[in-house]
Every structure is written in C-alpha cells, then in structure tokens.
Amino acid sequence: MRVERFKMEREGLVTEGQEVEISERSAVTGQYTYLVEPSIAMSGIYRTRQRIRARKGRIRKIEQTDRGFYLLVEIDE
C-alpha cells in the first residue's frame, strides 16, 4: 500500500473513503505528474523510478492547511 499526496484547490469535491481515478501526465524529461480525475487535485513531480503505476486509489484523508486542501490517497501497488 502506498499513500500519495495531491493538492486540491476547493473543498467539497470528494469525500474520505471515495474511490478515485488517477491519470498520468508526462514530459519528455522523464518527470511525471498525476491528476485525480476529473481534474480535482494534482500531484507534485515524480521521477521515472517513483511513478505511480495504479490508476485507481481511495481517499484516506482530506487535510486543510493554510496553503489549501490536500488529499492523502491510498494506492495499491
């Protein structure tokens, strides 16, 4: 089980425990970013060896900070 963090700009788009789809965006440079679809939240940058292989996950927790909202997503890998 792997847990990854995604930045979400607005609250109320998803709930804890909800299953979500994850899509991969890649650049020619070997760096990857991921979206919780439909464009709900975005990941940071991952290198090739850190890639997220699974395309589904479950929201473990939604955190609210002074910088915005973050999703902690459990991914089976």
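The exercises below, each with a worked solution, concern side-chain pairs and one loop residue in a predicted model.

**Exercise 1.** Classify the aromatic pair in the structure, and state where its two residues lie.

*Solution.*
- Step 1. There is one aromatic pair to consider.
- Step 2. A pair of aromatic rings is described by the distance of the centres and the angle of the planes.
- Step 3. For Tyr 34 and Tyr 46, the ring centres are 5.5 Å apart and the planes stand at 80°. The cut-off for edge-to-face is over 60 degrees, so the pair of Tyr 34 and Tyr 46 is edge-to-face.
- Step 4. Tyr 34 belongs to strand β3 (residues 31–36) and Tyr 46 to strand β5 (residues 46–47), so the pair ties together parts twelve residues apart in sequence.

**Exercise 2.** Decide for Tyr 34, Tyr 46 and Gly 44 whether each is buried, partly exposed or exposed.

*Solution.*
- Step 1. Buried means under 20% relative accessible area, and exposed means over 50%.
- Step 2. Tyr 34 has a relative accessible area of 0% and is buried.
- Step 3. Tyr 46, at 10% relative accessibility, is also buried.
- Step 4. Gly 44, with a relative accessible area of 40%, is partly exposed. Gly 44 is found in the loop between β4 (41–42) and β5. Leaving aside residues up to four places away in sequence, Gly 44 touches Tyr 32 and Thr 33.

**Exercise 3.** Find which parts of the chain are tied together by the salt bridge between Lys 56 and Glu 19.

*Solution.*
- Step 1. Side chains of opposite charge can pair when their charged atoms come close.
- Step 2. The closest N and O atoms of Lys 56 and Glu 19 are 3.8 Å apart. A salt bridge requires such atoms within 4 Å, so Lys 56 and Glu 19 form one.
- Step 3. Lys 56 is in strand β6 (residues 56–65) and Glu 19 in strand β2 (residues 19–26), so the pair ties together parts 37 residues apart in sequence.
- Step 4. At 43% relative accessibility, Glu 19 is partly exposed.

**Exercise 4.** Name the residues linked with Arg 2 in a network of salt bridges.

*Solution.*
- Step 1. The structure holds ten salt bridges. One of them joins the side chains of Glu 4 and Arg 2, at 2.6 Å from N to O.
- Step 2. Glu 4 is buried at 14% relative accessible area, and Arg 2 is buried at 18%.
- Step 3. The network links Arg 2, Glu 4 and Glu 77.

How values were computed:
Residues are numbered from 1 along each chain as its sequence is written. This is a predicted model: local features need pLDDT of at least 70, side-chain atom pairs count only at pLDDT 80 or more; totals for chains, interfaces and linings use all residues. Side-chain values use heavy atoms; hydrogens and water are left out. Rings of Phe, Tyr and Trp (its six-membered ring) pair if their centres lie within 6.5 Å; planes under 30 degrees apart count as stacked, over 60 as edge-to-face and the rest as tilted. Helices (H or I, at least four residues) and strands (E, at least two) are DSSP runs, numbered from the N terminus. Buried means under 20% relative accessible area, exposed over 50%, partly exposed in between (1.4 Å probe, protein chains only). Contact means heavy atoms within 4.5 Å.
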